[in-house]
Amino acid sequence: MRKLYTTLLATVIGLTAFAQNVSVGKADQLFKERAYMDAAEMYRLISNKDQHVLQNLADSYFYTHRMMSAEGNYRELFNRFDGNIAPEYRFRYGHALRAMGKNREADEVLSEYYNQEINLRKLAQELDTIAPHTFKVRQLASNSSSSDFGITYMGDRVVFASTRNENRPLYLWNKKPYLDLYSGEMSADGEISDIQLFPGEINTDTHESSATFNADQTVMFFNRTNSERVKAEDENIRVAHISIYRAEKVNGEWTNIERVPFASDSYSTEHPALSPDGSKLYFASDMPGSLGSFDIYVVDINADGSYGEPRNLGPAINSEHREQFPFISSEDVLYYSSNGKTGFGNLDIFRAELKNGSFEEAQNLGGTVNSGSDDFAFVIKPGEDKGHFTSVNNGTENLYSFVREENKRPEPVVAVELTEENEVTGAQQLRDVSNIYFDFDKSEILPQAEVVLDRVVKIMKDYPRLELEIGSHSDARGSDKYNMDLSERRAAATLEYIVSQGIDRSRLSSKGYGESMPLNDCTEPDMCTEEQYAKNRRSEFKVMN
């Protein structure tokens, strides 16, 4: 008991000492240094939050993908100070609402930002008709403690970036290890095995990511953070930008590693993507002349290995915000991600066809691949209708696979009178089909839930092309990770019940949202009654087509 008392006392003393050291000035310095995790914790402890503190606190959560906290603080900011807030905060507030599934509110906020009507439901319905493809998506097995993103193909192996190397220094932005490049073998069911760290010539104690290879895998381009820090514009701090590097494979070893000549210490060049014939390199940059924070560029690679002048792809592709992660397919279709063109929220994946030497207006890929969170690093396996992309889930980047199918939707797949719009999320759901609920800390299907699920099964049998997403949730008691795992078990249990009643598994997908999307204000432990918490322990049914 004495040991426990001593430990608790030390913890209290430590927290008290931290609280006494809290100041807006110290938090501002952390924010300027882009140490957003530490900045958020310090801003959070400031008792009387003015507009400046709320802006930086909300941004710190937003930049580290903690969207529930970002949305709550942006909401308070606009409730208290609306009329005196710079437009970019309204932009980020709208995207935080999208990430939380609050699409009606997001439509209102973003409509005011763009000064034109933004209607996600109308966009989704339009894309259902005009999008050339739909996507069957599945999350790959992941190392839950790390962020993994940006799969590309290297012969019969895949390459991706990850924060899993705990021997690297911590990146202050998100308090995770610096990124390294890994290769691995991928099985048909999406398991990555024989994972190997690229050698020290490629990986260093800073970030490396976003690899791309020529046809015979003898040349690689990749990202690396600059060692040289330069003074940030209008700020008394120095920051390191990102550059593209080129490496050659000679006698099985990566060598001749050089920074491309159009890179700089003063701006970033990143996310390289080689054209299939190796004659062009697409990339993202915030170099002078960009339309937004990052634009997509292309540069010619000449026969002698020299480079032409980088060319901005213009407003058909780029916006006043952020465009990144280009990929050019063998069909001359450019895929990339943007948060500046109207979409489902945050970074969405777009496509644009190259015709007569220029790209047509970009088109959103639609809701079968895009979500309210960041979706990016889309690649198609050469010669196939399948590939991979990355999506952020609960603040962590995760790898996904997809199978691309031709969009054949000449008629509704379910009678219109059987669907309705969810008043909270704006998503289409089955009419007269309620949520199902779970006991505390349990994922077993209760008898009363079976009645609802049997109705879902009947509708799916009556409409054999209907596809549903099962979204499952937890209450706020327990850690974020535990609640995410619990919600995923609930989603899986719901799906398995429906499959056990004769519904093809391919028509269903399941996703856990943890405690991130409560239906009430019960967002912390010990603040609500059991009955109030019970409303959040649920599975919902979203019509996907």
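Select Cys522 first. At 3% relative accessibility, Cys522 is buried (under 20% relative accessible area is buried, over 50% exposed, in between partly exposed; 1.4 Å probe, protein chains only). Now add Cys528, which counts as partly exposed at 21%. A disulfide (cysteine sulfur atoms within 2.5 Å) joins Cys522 to Cys528, with 2.1 Å from S to S. The angle about the S-S bond is -105°, and the link of Cys522 and Cys528 is left-handed. A search of the whole structure finds 1 disulfide.

A note on what is on screen. This is a predicted model, in which local features need pLDDT of at least 70 and side-chain atom pairs count only at pLDDT 80 or more, while totals for chains, interfaces and linings use all residues. Residues are numbered from 1 along each chain as its sequence is written, and side-chain values use heavy atoms, with hydrogens and water left out.

**Aromatic pairs**

Turn to the rings. Phe, Tyr and Trp rings (for Trp, the six-membered ring) pair if their centres lie within 6.5 Å; planes under 30 degrees apart are stacked, over 60 edge-to-face, and the rest tilted. By this rule the count comes to 29 aromatic pairs.

Select Tyr36 and Trp173. Their pair is edge-to-face, at 4.7 Å centre to centre and 85° between the planes. Tyr36 lies in helix α3 (residues 36–44) and Trp173 in the loop between β4 (170–171) and β5 (176–177), so the pair ties together parts 137 residues apart in sequence. Helices (H or I, at least four residues) and strands (E, at least two) are DSSP runs, numbered from the N terminus. Is Tyr36 buried or exposed? Tyr36 counts as buried, at 6% relative accessibility. Trp173 is partly exposed, at 23%.

Next, select Phe325 and Phe376. This pair is tilted: 4.7 Å centre to centre, 40° between the planes. Phe325 lies in strand β16 (residues 323–328) and Phe376 in strand β21 (residues 375–380), so the pair ties together parts 51 residues apart in sequence. Phe325 and Phe376 are buried.

Go back to Tyr36 and widen the selection. Tyr36 and Trp173 belong to one aromatic cluster, whose members include Phe31, Tyr43, Phe62, Tyr63 and Tyr178.

**Charges over rings**

Show Arg224 with Tyr245. Arg224 lies over the face of Tyr245, 4.9 Å from the ring centre (NZ of Lys or CZ of Arg within 6 Å of the centre and within 35 degrees of the ring normal). Then try Arg489: its charged end sits over the ring of Tyr482, 5.8 Å from the centre.

**Pocket and cavity**

On a 1 Å grid over the protein atoms alone, a cavity is a set of points where a 1.4 Å probe fits but cannot get out; a pocket is an open set with protein on both sides within 12 Å along at least five of seven lines; lining residues have an atom within 4 Å of a point.

Select Thr152, Thr212, Phe213, Leu274 and Phe327. Of the 37 residues lining the second largest pocket, these are the closest to its centre. The second largest pocket holds about 680 Å³ of space. Strands β2 (148–154), β8 (208–213), β12 (269–274), β16 and β21 each supply at least two residues of its lining.

Finish inside. The structure holds 3 cavities of 30 Å³ or more. Select His95, Leu110, Lys341, Thr342 and Gly343, which lie nearest the centre of the largest cavity, among its 14 lining residues. Helices α6 (87–99) and α7 (103–114) each supply at least two residues of that lining.

Technical notes: Points joined across faces, edges and corners; volume = space filled by probe spheres on them.
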